Amino acid sequence: MRANGDAVLEVRDLVKHYPLTQGILFKRQIGAVQAVDGISFDLRPGETLGIVGESGCGKSTVARMLVNLERPTSGQIRYKGQDITKLSKRALKAVRRNIQMVFQDPYTSLNPRMTVGDIVGEPYEIHPDAAPRGSRRQKVRDLLDVVGLNPEHINRYPHQFSGGQRQRIGIARGLALRPEIIVCDEPVSALDVSVQAQVVNLLERLQKEFGLSYVFIAHDLSVVRHISDRVAVMYLGRLAEVGTDEQIYDHPTHPYTQALLSAVPVLDPGARARRERILLTGDVPSPAHPPSGCRFRTRCWKAQEKCARVVPPLEIPEWFEEGSGGATHPSACHYAEEREVVPGEGGANGARDDGQTPRS
Amino acid sequence: MPQQHHEHRPDPHRPDPHRPDPHRPDPHRPVLLDVRDLQVEFRTRDGVAKAVNGVSYSVDAGETLAVLGESGSGKSVTAQAVMGIVDSPPGFVTGGQVFFRGQDLLTMAPETRRRLRGAKLAMIFQDALSALNPVLSVGTQLSEMFMVHEDMTRKDSRAKAVELMERVRIPAAKDRVNDYPHQFSGGMRQRIMIAMALALEPDLIIADEPTTALDVTVQAQVMDLLAELRREYDMGLILITHDLGVVADVADKIAVMYAGRIVETAPVRELYAAPAHPYTRGLLDSIPRLDRKGEQLYAIKGLPPNLTAIPPGCPFNPRCPRAQDICRTDRPPLFPVAPGRTSACHFWKETLDEGQR
Amino acid sequence: MPDHGPLPPPDPDRVTPPEPEEIITPAGGGAMSLATSEAETLEPVSGKARSLWSDAWHDLRRNPVFVVSALIILFLVLIALWPGLIAGGNPLTCDLAKAQDGPAPGHPFGFDAQGCDVYTRTVHGARASITVGICATAGATLLGSVLGGLAGYYGGWWDALLSRLADVFFGIPIILGGLVFLSVVPSGSLWPVVGFIVLLGWPQIARIARGSVVTVKQNDYVQAARALGAGDRRLLLRHIAPNAVAPVIVVATIALGTYIALEATLSFLGVGLKPPTVSWGIDISSASVQIRNAPHMLLWPAGALSITVLAFIMLGDAVRDALDPKLR
């Protein structure tokens with residue numbers, strides 16, 4: 001991926017290995033869990049970058065590194081050109097104001113002993129210069145109102161709210177310092193379907209209102225398509241494919257992306273009959289002993305001898321440029337090839353692109 | 001998309017020709033499971049939570065019923081009441097009948113019922129890791145079923161365990177029979193759960209969110225396996241889920257639950273094509289689509305009701321875009337919409353007409 | 001999103017109810033009423049603000065075990081503070097002539113071997129027991145929860161060191177340790193006994209505190225505060241401690257009962273409190289020789305001790321039931 005001058009966040013060769021140790025007092029490293037193994041991407045102002053992948057692919061570790069809850073083993077995370085992985089405590093605290101996080105589980109992400117007002121107002125106590133003392137209470141009320149909660153409930157405790165309402169409280173806390181970037185780690189996967197839509201709509205509205213950039217991490221491909229401008233597909237600590245939502249969903253080129261998309265249940269019986277299912281065999285290998293070369297090769301139907309030998313780089317395959325197909329985005333596969341796996345609902349063909357404005 | 005009429009008619013292109021007809025008549029024997037007007041309540045400090053308020057459904061051998069609902073809809077509690085594993089107290093079955101092959105499970109002697117459980121009725125849970133005993137190998141747990149229920153010798157039961165593991169397509173079953181649950185991946189553990197449920201060749205399996213904890217690529221495998229085994233053993237299968245997409249491929253009919261009641265029942269295809277209840281419609285519309293970006297998502301406003309204070313009239317009325325005065329006062333019964341279809345909405349006709357998707 | 005313009009007009013084919021997502025202006029009058037109406041109609045639970053503590057208190061008040069044990073403890077604390085309230089006499093005024101006599105008017109429990117009034121001594125003995133129990137528990141809890149909490153929070157070598165140290169103290173046999181320790185320090189007063197109990201008692205609390213902190217530390221709300229830039233102090237005091245303290249309170253309450261028994265045991269063995277301090281342990285010790293001919297001398301202090309220990313253990317049990325989230 002080329003350097004991008006106006007990106008708010010540039011991630012370069014990010015690596016996180018957790019050492020596996022033996023012994024109680026004298027620890028000896030016997031290996032490493034390669035949770036994240038060299039990923040790079042940019043986040044531009046006001047855009048939503050979706051990161052999809054199955055459990056254990058390292059997407060949550062990426063989220064935690066972006067908000068500095070976890071120190072990368074190597075690599076850079078540049079916020080407006082400044083590498084935040086090497087900052088002093090004081091400088092880091094300032095950066096944190098601009099990168100906030102929304103957590104997955106609305107039941108464990110709010111302190112049960114604090115009132116909603118204290119939870120949403122805590123950012124102002126940690127960063128006293130963000131709001132003068134006297135105005136904080138009012139600011140908290142405003143935030144509750146913005147996320148669609150009753151400001152009168154400022155003195156209630158989290159357990160008095162439902163899951164969706166709690167997630168709104170978590171979002172209000174994330175918004176308090178007016179960050180530029182919010183990292184959402186599976187923000188709706190713990191919620192009921194009917195409530196999911198409310199929270200997704202809220203996130204979209206807040207993005208427009210406050211000009212936020214989102215890194216949206218999820219395993220639900222439909223939700224990611226709905227909210228993302230660009231999508232990165234992760235498999236076993238590496239990126240498989242990166243592109244606009246249209247490129248990834250309508251013109252997937254990496255076999256893993258294709259398998260993932262084809263496995264998503266389709267409701268429309270007509271579309272279901274038309275679509276082609278790619279059933280992957282086996283399980284995701286352990287990140288402590290990832291396969292050599294391409295990490296997907298053990299489950300890939302296209303795998304050749306080269307795949308075990310050479311790590312496929314994430315770049316636009318040269319044979320894409322000439323072709324007139326829609327695929328012109330980076331794909332980490334030696335044999336990348338476009339294949340349509342998402343059948344359009346409601347029509348046999350052609351209906352797929354209607355009503356859509358091209359995105360860049 | 002061709003317009004579909006809501007009248008029931010045989011469909012010329014069913015996705016699966018092998019699927020037995022869900023409505024096959026068999027006057028000679030009672031239906032496999034027939035739940036009638038089941039009521040369950042939980043007596044808590046905050047009041048009496050009416051978790052299940054008069055649920056009726058039936059499943060026959062070889063048939064798959066999907067029970068769809070959000071958390072708190074009573075879908076799992078209904079299944080627990082059928083299995084007789086409701087935590088009591090605080091849970092109490094306060095009314096209704098559960099006929100299994102014509103016998104009422106609720107009035108049966110506890111010992112008789114206990115013997116049916118496992119042998120004739122089996123259950124699969126969402127979280128396989130906590131449902132399996134972590135200190136016993138999976139082979140031991142599987143063979144125990146045969147040693148206890150069928151008086152098999154250790155050696156025979158071991159062989160049977162391996163056979164079962166092969167049946168649920170666990171690769172290298174012979175080598176893995178001595179492994180412990182934590183050594184298996186999530187998908188494989190769920191297969192072992194299925195194997196345990198299958199062990200005594202039950203007539204009915206209730207699967208409570210069997211694939212919710214699994215990744216998409218594994219979900220599809222496990223769902224396919226369940227559907228296949230259901231055919232192979234000619235069992236009845238009840239799939240409890242919150243995800244309509246997951247069951248679309250395998251279910252014959254769907255019962256949608258809301259606030260402890262069934263609000264709509266229909267064959268899967270017809271439910272998708274034209275929901276006859278505003279709640280179902282809202283659910284379908286609030287799912288983002290994979291094939292298209294779309295603008296704002298439709299969101300059902302508000303939250304499911306507190307079960308200790310279910311609104312009078314139709315329980316969905318505070319969230320319903322169609323609600324009229326009658327909805328706030330009169331509780332709609334399940335109106336017959338078409339053969340095999342019902343809807344608990346005063347305005348089912350309007351919903352259906354508008355809902356031609 | 002392609003642009004940040006206003007929302008597109010709603011699809012006319014779709015029945016779109018007015019929903020809270022449409023509110024764009026923060027704190028606007030109309031918007032506010034919408035948000036309010038949504039939140040009001042959908043209030044999931046009762047309106048009272050209830051924290052875990054008020055929930056626990058609600059449970060406790062209805063638990064007869066708690067009510068009975070709390071009343072006993074209240075009474076014990078009162079007579080420990082002001083024994084004169086129910087026993088006007090001096091426990092050290094004795095009349096050898098009445099040694100081992102049975103109950104007499106004004107002396108309902110009779111007299112001990114020295115001719116002292118058993119009733120007065122039993123009442124006055126509460127002070128030593130309660131003081132030792134409370135001071136030792138406070139000391140052990142303070143030391144244990146601070147050390148254990150820090151070990152759980154920081155982990156690493158500090159944790160390893162502390163855990164091994166706690167193991168060493170766990171390994172000391174309590175009676176043997178008491179005999180050795182208390183016979184080398186100049187004793188007689190309460191404090192060496194309290195000190196010894198704290199020394200042997202803190203590892204138990206530390207283990208509980210450490211485990212509790214490790215569990216709480218992993219909660220997302222701690223991570224959320226960390227992501228906001230909160231320092232160690234705030235994380236520990238505001239987020240971890242309030243959520244980790246419940247198991248410590250439970251163990252400490254139960255420990256209080258056992259510490260009282262331990263004090264009596266040490267006094268019985270002659271290394272704890274010593275006369276002229278009045279203590280149930282001392283009285284039990286001196287009465288035990290005469291158990292055949294004057295059982296009443298043993299009965300009363302031993303009974304008082306049993307009731308006290310039992311009351312604290314029952315209280316601990318009731319508190320555990322109320323605070324254990326798994327039971328609700």
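# Reading strands, sheets and an interface

Author: Let's start small, in chain A: strand β5 (residues 82-83) runs antiparallel to β4(A), and two bridges join them. Keep in mind that this is a predicted model.

Reader: OK, so which residue of β5(A) is the bridge partner of A:Arg78?

Author: That's A:Asp83. The two strands form a hairpin with two residues between them, and in it A:Lys80 takes a positive phi near 50 degrees.

Reader: How many bridges join β4(A) to strand β1 of chain A?

Author: Five, and again the strands run antiparallel; β1 covers residues 9-22 and β4 covers residues 74-79. If you want one pair to look for, take A:Arg12, whose bridge partner in β4(A) is A:Gln76.

Reader: And what should I know about side chains when I look along a strand?

Author: In a regular strand the side chains alternate between the two faces of the sheet. Now let's move to chain B, which has 13 helices and 12 strands.

Reader: Why can chain B be called as compact as a globular protein of its length?

Author: Its radius of gyration is 21 Å, close to the 21 Å that the globule rule gives for 357 residues, so chain B is as compact as a globular protein of that length. The C-alpha trace spans about 65 × 45 × 45 Å along its principal axes. Buried residues make up 50% of the chain. Take the contacts in chain B with a separation of 6 or more: 65% of them are between residues 24 or more positions apart.

Reader: What is the order of the strands in the open sheet of chain B?

Author: Follow β6-β7-β8-β3-β9-β10-β12-β11; that makes eight strands, with mixed pairing. At the edges sit β6 (121-124) and β11 (335-338), each pairing on one side only. From one strand to the next, the twist averages 25 degrees.

Reader: Which strand does β11(B) pair with, and how do the two run?

Author: β11(B) is joined by three bridges to β12 (residues 341-343) of chain B, and the two run antiparallel. One pair to find there is B:Pro336 with its bridge partner B:Thr342 in β12(B).

Reader: What about the other edge: which helix lies across β6(B)?

Author: That's α7(B), which lies across both β6 and β7 (204-208) of chain B. Its direction is at about 175 degrees to β6(B).

Reader: Now the interface. How do people usually describe its size?

Author: The size of an interface is often given as the accessible area lost when the parts come together. Here we can count residues: the contact takes 39 from chain B and 44 from chain A. On the chain B side, α7 (186-198), α8 (216-233), α9 (244-248), α10 (268-273) and α11 (278-286) each supply at least two residues. The largest share, five residues, comes from α8(B).

Reader: How do the residues on that side of chain B divide into nonpolar, polar and charged?

Author: There are 18 nonpolar, 13 polar and eight charged residues.

Reader: What are the scores of the model, and which stretches have pLDDT below 50?

Author: The model scores ipTM 0.80 and pTM 0.78. Chain B has a mean pLDDT of 82, with 91% of its residues at 70 or more. Over residues 1-25 of chain B, though, the pLDDT is below 50, and this stretch has 28 contacts beyond near neighbours in sequence. For chain C the mean pLDDT is 76, and 82% of its residues reach 70 or more. Its stretch with pLDDT below 50 is residues 1-49, which has 68 contacts beyond near neighbours in sequence in the model.

How values were computed:
Residues numbered from 1 in each chain as written. Chains lettered and ligands numbered in written order. Predicted model: local features only at pLDDT ≥ 70, side-chain atom pairs only at ≥ 80, totals over all residues. Contact = placed C-beta atoms within 7 Å. Helix = DSSP H or I, 4+ residues; strand = E, 2+ residues; numbered from the N terminus. Nonpolar A, V, L, I, M, F, W, Y, C, P; charged D, E, K, R; others polar. Rg over C-alpha atoms; globule rule 2.2 N^0.38 Å. Buried ≥ 20, exposed ≤ 12 C-beta atoms within 10 Å, placed from the backbone. Pairing = 2+ DSSP bridges. Axes fitted to C-alpha atoms, helices over the stretch in contact; angles between N-to-C directions. pLDDT = per-residue confidence, 0-100.
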